[in-house]
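Reader: I have the coordinates open and want the reasoning behind the labels. Please take me through it.
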Amino acid sequence: METFDPTELPELLKLYYRRLFPYSQYYRWLNYGGVIKNYFQHREFSFTLKDDIYIRYQSFNNQSDLEKEMQKMNPYKIDIGAVYSHRPNQHNTVKLGAFQAQEKELVFDIDMTDYDDVRRCCSSADICPKCWTLMTMAIRIIDRALKEDFGFKHRLWVYSGRRGVHCWVCDESVRKLSSAVRSGIVEYLSLVKGGQDVKKKVHLSEKIHPFIRSVGKVSIHFKVSHLLAFCSLMTPSLIHDELQQVASRCQVCSTEICITDIIIKGINHLLKSPFSVHPKTGRISVPIDLQKVDQFDPFTVPTISFICRELDAISINEEEKEENEAESDVKHRTRDYKKTSLAPYVKVFEHFLENLDKSRKGELLKKSDLQKDF
């Protein structure tokens with residue numbers, strides 16, 4: 001993957017938002033089938049522009065309006081906020097106190113810097129394949145808990161573009177959770193707090209916390225090399241005696257690290273959008289295939305410069321043919337991203353959306369059957 005030059009970003013963003021951003025899938029996600037009236041229209045977006053100009057409370061009528069504004073503004077970063085009681089772009093016209101966040105996905109932000117007290121290969125914003133193992137194990141363990149302990153079905157894991165991952169839990173019931181319940185979920189997951197002054201440890205008594213059981217189950221999916229790589233990052237003093245005993249029985253020795261500082265974004269907070277571009281690395285914030293999470297390599301995630309150059313490599317004859325066909329911009333753009341390294345990541349996103357659609361249709365059928373019974 002070629003080196004990213006930040007000075008090229010303004011021009012690259014123009015091409016990216018005009019021909020490569022997957023607007024159709026993006027709108028399909030945040031519209032959630034259009035079941036709830038004005039759901040998309042009441043969603044907040046924020047744009048960070050060149051020179052750190054930050055614009056909050058953006059909202060749009062439809063996919064077309066979103067496209068036009070993104071292509072006009074060419075944001076360096078896109079953040080997604082809550083669904084509000086009123087349209088966010090009209091929040092200044094609403095009576096004081098009436099403008100309230102009502103729904104949002106349950107979102108988690110896991111950053112590699114949270115693990116600086118245990119990793120020895122890198123620090124701060126730097127990452128390497130060795131310490132990325134920690135993130136892989138964190139995804140596996142937390143995802144297992146969200147699925148098995150809470151029963152959450154629709155979990156979208158996204159690479160941040162630099163040194164972390166985000167999880168968007170999109171179940172309909174989850175989007176309605178109160179802040180108190182969201183905090184309770186994080187408390188459940190946060191058995192150990194990170195930091196150099198940490199004193200709280202996990203003591204594996206006879207009554208093991210359900211989350212520890214989840215950790216133990218997940219460990220079976222990891223290769224021995226993964227566990228050894230994890231252990232090599234930690235000094236002996238950082239590994240609790242009980243965890244060493246567990247590790248010796250081929251259970252996970254990562255309990256101490258993978259359930260540390262999980263940052264949950266409250267209902268009215270914003271989180272970086274999938275398919276946003278990281279302005280420092282140029283890497284696209286792409287969905288992660290949970291079936292292949294062990295193989296996910298952040299260093300092979302395409303940069304905006306790479307996919308734009310892939311697009312430029314399309315033959316002149318092919319471009320002329322497309323122009324002669326006079327097809328719509330949407331169809332043109334769909335084929336464009338498919339010709340680049342972005343395609344497999346959009347496919348992962350589409351698979352996630354298909355499962356959302358199936359679940360939504362299933363719920364509608366259930367409600368219809370219940371109404372017939374009455």
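Reader: What is the bridge partner of Ile 110 in β7?

Author: The partner is Val 165. This is a predicted model.

Reader: What makes β5 and β7 a pair?

Author: Pairing needs at least two bridges. Strand β5, residues 106-111, has six bridges to β7, and the two run antiparallel. Therefore they count as paired.

Reader: How do you know that β6 pairs with β7?

Author: The same test applies: at least two bridges. Five bridges join β6, residues 155-159, to β7, again antiparallel. Trp 157 stands opposite Cys 167. The two strands form a hairpin with four residues between them. In that turn, Gly 161 has a positive phi of about 105°.

Reader: Why is β7 called largely enclosed?

Author: Buried means under 20% relative accessible area. Six of the six residues of β7, 164-169, are buried, so the rest of the structure largely encloses the strand. Both faces are covered. Gly 164, His 166 and Trp 168 are buried on one side, and Val 165, Cys 167 and Val 169 on the other.

Reader: Why is α2 called oblique to α3?

Author: Helix α2 (residues 23-31) and helix α3 (residues 63-73) pack at about 125°, with axes 10 Å apart. Roughly perpendicular ends at 115 degrees, and roughly antiparallel starts over 145. The angle falls in between, so α2 is oblique to α3. The crossing is right-handed.

Reader: Which residues of α2 make the contact?

Author: Tyr 23, Ser 24, Tyr 26 and Tyr 27. They meet Gln 63, Leu 66, Glu 67, Met 70 and Gln 71 of α3. The contact residues divide into five nonpolar, three polar and one charged.

Terms used: Residues numbered from 1 in each chain as written. Predicted model: local features only at pLDDT ≥ 70, side-chain atom pairs only at ≥ 80, totals over all residues. Heavy atoms only, no water. Buried < 20%, exposed > 50% of the residue type's maximum accessible area, 1.4 Å probe, protein only. Axes fitted to C-alpha atoms, helices over the stretch in contact; angles between N-to-C directions. Parallel < 35°, antiparallel > 145°, perpendicular 65-115°, else oblique. Left-handed = near helix turned anticlockwise from the far one by under 90°. Contact = heavy atoms within 4.5 Å. Nonpolar A, V, L, I, M, F, W, Y, C, P; charged D, E, K, R; others polar.
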